[in-house]
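Colleague: I would like a close look at one part of this model, the charged side chains and how they pair. Please take it step by step, for someone new to reading structures.

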Amino acid sequence: MSNTGRALSGKEVAEHNSRESCWIIVHGKVYDVTDFLDDHPGGSKIILKYAGKDATREYDPIHPPDAITTNLKPDKHLGSVDLSTVEKVEVKITDEERARQARIAARPPLSEILNLHDFEAIAKDVMHEKAWAYYSSAADDEITNRENHAAFHRIWFRPRILRNVIKVDWSTTILGQKSKMPLYITATALGKLGHPDGELNLTRAAAKHGIIQMIPTLASCSFDEIMDAAEPGQVQFFQLYVNKDREITKRIVQHAEKRGIKGLFITVDAPQLGRREKDMRQKFDAEDPSEVSKAGSDGVDRSQGAARAISSFIDPGLNWSDLKWFKSITKMPLILKGVQCWEDALEAYDTGMAGVVLSNHGGRQLDFARSGIEVLVEVVTNLKEKRGLSFPNERFQLFVDGGVRRATDVIKAVALGATAVGVGRPFLYAYSSYGPEGVDKALTILNDEFEMNMRLLGARNIEEIVPEMVDASNIHLHTVAVPSDNLYESNYERLQGARLRTKL
């Protein structure tokens, strides 16, 4: 059925409220999702809950804006609905939600938040459980997730003394663009899980603090909405998941360039999603056992949680030969995001890329992949040996992300040759716990840490942060004992195994 004339009434939509005929409303549009129920990676229960009703409130935080129009065939787009005739969905406040609201009321004032770890501690207590699971989850046993942070602890400082450090300056340039700090807000998906304004919180904070935001492909806000929220002249990068349909990819890339994006970061470490078990368990908890039994013999894997629900379009066939095509469709600097060994960094340089992000996707892909900061050391060593390059290097820039919680982590990466460092989860936790003021506070904390630590290190500017200021001789040793990081470890939520159901 297709509706191209009058708007449907709420009564008409409400009649299609079963597994046999399931219509939902999203942003004033009606969609027939009957045939999609068994394919929905988030399970059928959540869709059936809103059968014949307005699902916008549930849909928005966990889907990019175009997810429904992309995944449903045009003949399943049934037209507009007269919202004045739609019965409002009653929002029932559960005991769990009352307890969460009480925890929100008990948050310490923002003035008592002293570091990025503190935001994470509060976010864990005040976020919706499903949202926390998506943001915090990582692959398999989460060894790499924890190693990303721990690796910085194997690098020690060698400070210089008796230097005039009345004035210190930690501003820099990234891909030719000015930044007040040697870091950028890296791409993270589904920003509205933590706050209704989602990624816009990061856009506004980046403008205020003079740093660069990397816009994600899988943002909760639309790309144009984020671009429109930017201040005049504000610099932004774009992170790209490559679509199997190259025409879609081309359209996205060229639109980004037209809107003024200054760097295209192509994700290369996600031909298939890693198993993020915290997120997956949320998926199982949300499913109706009877619905699983009805649709469980069709071979459809609906066990991947929120991550799987938004990423089925990503092309696992992406390879080195595609990079020539990318260079033909855009003049933006091209950076490969997710390089994990020096051999691939070397090939990226030889292929004419503008740089690489040494990253393992925040520990969310291949468990036991090494940290970006460890890979940085071998990349700098081997590219100097093979191509005579020294770093930082304007022609081929190295970036690191994963595990950063202090300005000292960033300084260590810069000393070892990185141009800048990407920070992701800490900013999500900041606005999930305290809204836009939280992100502002987080960046203020980092600024203060940069000022203090550069003085103590004896570096007056970024150029003076040199390799001789760090001892990274133990970076490749994974059994070196270092003092425990109590703040980080107290925030880490241990993985849970299978357990008996409490509700039968």
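Modeller: What follows goes through the salt bridges, then a patch of charge, and ends with two buried places for contrast. Keep in mind that this is a predicted model. Side chains of opposite charge can pair when their charged atoms come close. A search of the whole structure finds 21 salt bridges.

Start with Glu 378 and Arg 370, whose side chains meet in a salt bridge with an N to O distance of 2.8 Å. Glu 378 has a relative accessible area of 14%, so this residue is buried, since buried means under 20%. Arg 370 is partly exposed, at 25%. Both residues also belong to a network of salt bridges, which links them with Glu 147, Arg 154 and Glu 374.

A second pair is Arg 455 and Glu 451, where the N to O distance is 3.2 Å. The two residues are separated by about one helical turn because they are four residues apart in helix α20, which covers residues 436–457. Arg 455 is partly exposed, with a relative accessible area of 32%, and Glu 451 is partly exposed as well, at 30%.

A third pair joins Arg 204 to Asp 197, and here the closest N and O atoms are 3.4 Å apart. Arg 204 has a relative accessible area of 42% and is partly exposed. Asp 197, at 30%, is also partly exposed.

Next comes charge in a surface patch. Lys 45, Lys 49, Lys 53, Lys 92 and Lys 130 form a positive surface patch. One of these, Lys 49, lies in helix α2, residues 45–49.

For contrast, turn to helix α19, residues 425–434, which is mostly covered, with ten of its ten residues buried. Among them are Arg 425, Phe 427, Leu 428 and Tyr 434. Just after α19, Gly 435 takes a positive phi of about 70 degrees.

The other buried place is Ala 354, found in the loop between α16 (342–350) and β12 (355–358). Its relative accessible area is 18%, so Ala 354 counts as buried. Leaving out residues up to four places away in sequence, Ala 354 touches Leu 175, Pro 333, Leu 334, Ile 335, Arg 395, Phe 396 and Gln 397. Pro 333 is 21 residues from Ala 354 along the chain, yet their C-alpha atoms are separated by 5.6 Å.

Methods:
Residues numbered from 1 in each chain as written. Predicted model: local features only at pLDDT ≥ 70, side-chain atom pairs only at ≥ 80, totals over all residues. Heavy atoms only, no water. Patch = residues over 30% accessible without salt bridge, like charges linked within 9 Å, V, L, I, M, F, W, Y side chains within 5 Å. Areas by Shrake-Rupley, 256 points an atom, 1.4 Å probe, with all protein chains shown as cover. Salt bridge = Lys/Arg side-chain N within 4 Å of Asp/Glu carboxyl O. Lys, Arg positive; Asp, Glu negative; His and termini not counted. Charge placed at Lys NZ, Arg CZ, Asp CG, Glu CD. Buried < 20%, exposed > 50% of the residue type's maximum accessible area, 1.4 Å probe, protein only. Contact = heavy atoms within 4.5 Å.
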